[in-house]
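The following note sets out numbered remarks on the structure shown here. They begin with the confidence of the prediction and proceed to the architecture.

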Amino acid sequence: MKGREPSEEEVVSWLRERLGGAVLDARVARKRRVFVRVDREHFKTALIALKELGVDFLEALTGVDAGDSIEVIAHVGRSVSVAVETAVPKGDPRLPSLVDLYPGAEVYEREVWEMLGVVFEGNPRLARAFLPEDWPKGVYPLRKDYEPKHPEPLR
Amino acid sequence: MGPQHPIHPEATLIKLKVEGEHVVDADIDASFVHRGIEKALEHKTYVQGLFLAERICGICNVAHTTCYTLNVEGLAGIEVPQRALWLRLIVEELARVSSHLLWLGLLAHVVGFESLFMLAFRDREVVLDLMEEIAGGRVTSGYNVIGGVRRDIDAATAYKIKSSLAKLKERVVKYRRLLEEDPIVRARTVGVGYLSPSEAKELLAVGPVARASGIAYDIRVNDPYLVHEEVPFNPVVYDTCDAWGRAMVRVGEILESIGMIVYALDHAPSGEIRARVPPVFRPPPGENVTRVEAPRGELLHYVRSDGSEKPYRYKVRTPTLANLPAAISMLKSRGDRVVHIADVPVIFGSIDPCICCTARVLVVNEKGAAKEFQLDELAAKRWAR
């Protein structure tokens, strides 16, 4: 399947074919934008399947605090940008690392780990990179229960 | 390697492991200027957030506002007038010229070519003056707003832009020849900071770094977000895989950008420049992803709305973050490709972070004694060898 980039519809049908019921939702939002939701066990499988299809560039990893769970979104693709979304419960925020698929994913996983506390199992260097050295352990600033101190405006 | 420059979002401490003069390992620490902008954006309305997004980066502020406005407009379903898209393209390309000229100057400074440094910064003034004429601000232009742009470009300004850029073009052609032929520049950049095409792909390099490693990928071609389908240009691709190639890509892009600006000035349709948007609005629940080719590479913004007047989550992935793994790989000596400490500024500079960040290098020997070098001393050290 290499050489040509798959279209939006090809991405959706390929994922449905390969993963079946694990694809909770798949939609073409607009031209060159696909949003896919898979269950946690099939997050990496979905990315492997997409890589086989030729969607083989990881643009970013986003983490979103969605109340009881944390959603992790992998933005993959070149022309067509596919957002593969999954949710992990806050009590057990673990996902397999993508470093063996995309060595450059290391720094993105570090960011999501630091900001939202999602542990990527298999990342060789899940260490502090963005927060201050004296940042307390177990405090994840991008979670909704963390409220930054707002300095009083000068008057 | 640090410290950092306050205007740059990606100021970075690079920890180097060295054996004598050779760098064997590197790691990053980007914590010094982490300002929590993503969190802050959750506390601002969409219109207020624009001003914060503009200040993510000083030099590529236009790329950030282009991405932010397109992202929010896509989320809220706001129709932007055609002319506004053309004007956004003109200002975005102008900002690219300014950014690449700045970078060219810093490269010249690092390799010890001070006269080219002066010339590049003099020429950048031409662009900044034009930016002031168009937008009112020299660096942080504040030109894009949600729904369109703030000011129109009239015929007199268009004439001024064209005549200034014609002069600039001649000079840039001269600099390109200089990069091709000058022994100083070539000695310091050719073969330095090698990144093979397969590594560039694996390490997720973007922008000029990827294009200098032969990966012909440019968001403006692959995912046109303004009116790029109607404006002719050629992505600049080199396959030398080194710092010299990255310099040539950027200089080539300046010339392409100038061509695009002139074409857009001639062909932009007339009409409205802005759709009126209320200061507080509530987009429907949903999400949106927008990508923009910033001067440093692909920039990605992701927004999620829960139906309120503020974004539920706003994510920014800047190109320098994407290029850091590649930069770390370039910094490591492997086999015959030895990386000297003196090459570090050139290599790290070749991914176009704010090079002021690399003003000092901390070298720790096995006994733990530390010695700090200024960037200039490093350059001199290379020449003394």
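1. In this predicted model, chain B has an average pLDDT of 84, and 86% of its residues score at least 70. Two stretches call for caution. Residues 5–9 of chain B have a pLDDT below 50, and the model gives this stretch 14 contacts beyond near neighbours in sequence. Residues 354–373 of chain B also stay under 50, with 41 contacts beyond four places in sequence. Where pLDDT is low, the predicted coordinates should not be read in detail. The contacts listed for residues 5–9 of chain B and for residues 354–373 of chain B are to be read with that caution.

2. For the complex, the predictor reports an ipTM of 0.90 and a pTM of 0.88.

3. Chain B contains 14 helices and nine strands. It has 385 residues, of which 53% count as buried. Taking the contacts in chain B between residues at least 6 apart in sequence, 70% join residues at least 24 apart.

4. The contact between the chains draws 28 residues from chain A and 27 residues from chain B. On the side of chain A that touches chain B, the elements giving two or more residues are strand 2 (33–38), strand 3 (58–66), strand 5 (81–89) and helix 3 (105–116) of chain A. Strand 3 of chain A provides the largest share of that side, five residues. By residue class, the side of chain A that touches chain B comprises 16 nonpolar, five polar and seven charged residues.

5. Which residues touch the most other members of the largest nonpolar core? They are Val82(A), Val84(A), Ala205(B) and Ile347(B), in a core of 156 residues. Helix 4 (residues 82–110) of chain B supplies the largest share of this core, 18 residues. As for Val82(A), its contacts outside the neighbours within four places in sequence are Val11(A), Val34(A), Val36(A), Leu50(A), Val55(A), Val76(A) and Gly77(A).

6. Helix 4 of chain B deserves a geometric check. Its 29 residues should span 42 Å at 1.5 Å a residue, and the end C-alpha atoms are 42 Å apart, which agrees. Because 28 of the 29 residues of helix 4 of chain B are buried, this helix is largely enclosed by the rest of the structure. After helix 4 of chain B comes Gly112(B), with a positive phi near 85 degrees.

7. Is Phe113(B), in the loop between helix 4 and helix 5 (114–135) of chain B, buried or exposed? Phe113(B) counts as buried because it has 21 C-beta neighbours inside 10 Å, where the cut-off is 20 or more. Leaving out residues up to four places away in sequence, Phe113(B) touches Ala108(B), Ile184(B) and Val185(B). Between Phe113(B) and Gly136(B), 23 residues apart in sequence, the C-alpha to C-alpha distance is 33 Å.

8. Strand 5 (residues 286–294) and strand 6 of chain B run antiparallel and are joined by nine bridges. The two strands form a hairpin with two residues between them. Within this pairing, Gly286(B) stands opposite Ser305(B), and Glu287(B) has Arg304(B) as its bridge partner. Strand 6 (residues 297–305) of chain B also pairs in the antiparallel sense with strand 7 (residues 313–317) of chain B, over five bridges. In that second pairing, His301(B) stands opposite Val316(B).

9. How many residues of strand 5 of chain B are buried? Eight of the nine are, so strand 5 of chain B is largely enclosed by the rest of the structure. Strand 6 of chain B is mostly covered, with nine of its nine residues buried.

10. Val292(B) lies in strand 5 of chain B. Val292(B) is buried because 26 other C-beta atoms lie within 10 Å, against a cut-off of 20 or more. Not counting residues up to four places away in sequence, Val292(B) touches Ala63(B), Thr66(B), Cys67(B), Ile219(B), Tyr225(B) and Leu299(B). Of these, Leu299(B) falls within strand 6 (residues 297–305) of chain B. Val292(B) and Gln48(B) are 244 residues apart along the chain, and their C-alpha atoms are separated by 21 Å.

Definitions and conventions: Residues numbered from 1 in each chain as written. Chains lettered and ligands numbered in written order. Predicted model: local features only at pLDDT ≥ 70, side-chain atom pairs only at ≥ 80, totals over all residues. Helix = DSSP H or I, 4+ residues; strand = E, 2+ residues; numbered from the N terminus. Buried ≥ 20, exposed ≤ 12 C-beta atoms within 10 Å, placed from the backbone. Contact = placed C-beta atoms within 7 Å. Nonpolar A, V, L, I, M, F, W, Y, C, P; charged D, E, K, R; others polar. pLDDT = per-residue confidence, 0-100. Core = buried A, V, L, I, M, F, W, Y, C linked by C-beta atoms within 7 Å. Expected span 1.5 Å × (residues − 1). Pairing = 2+ DSSP bridges.
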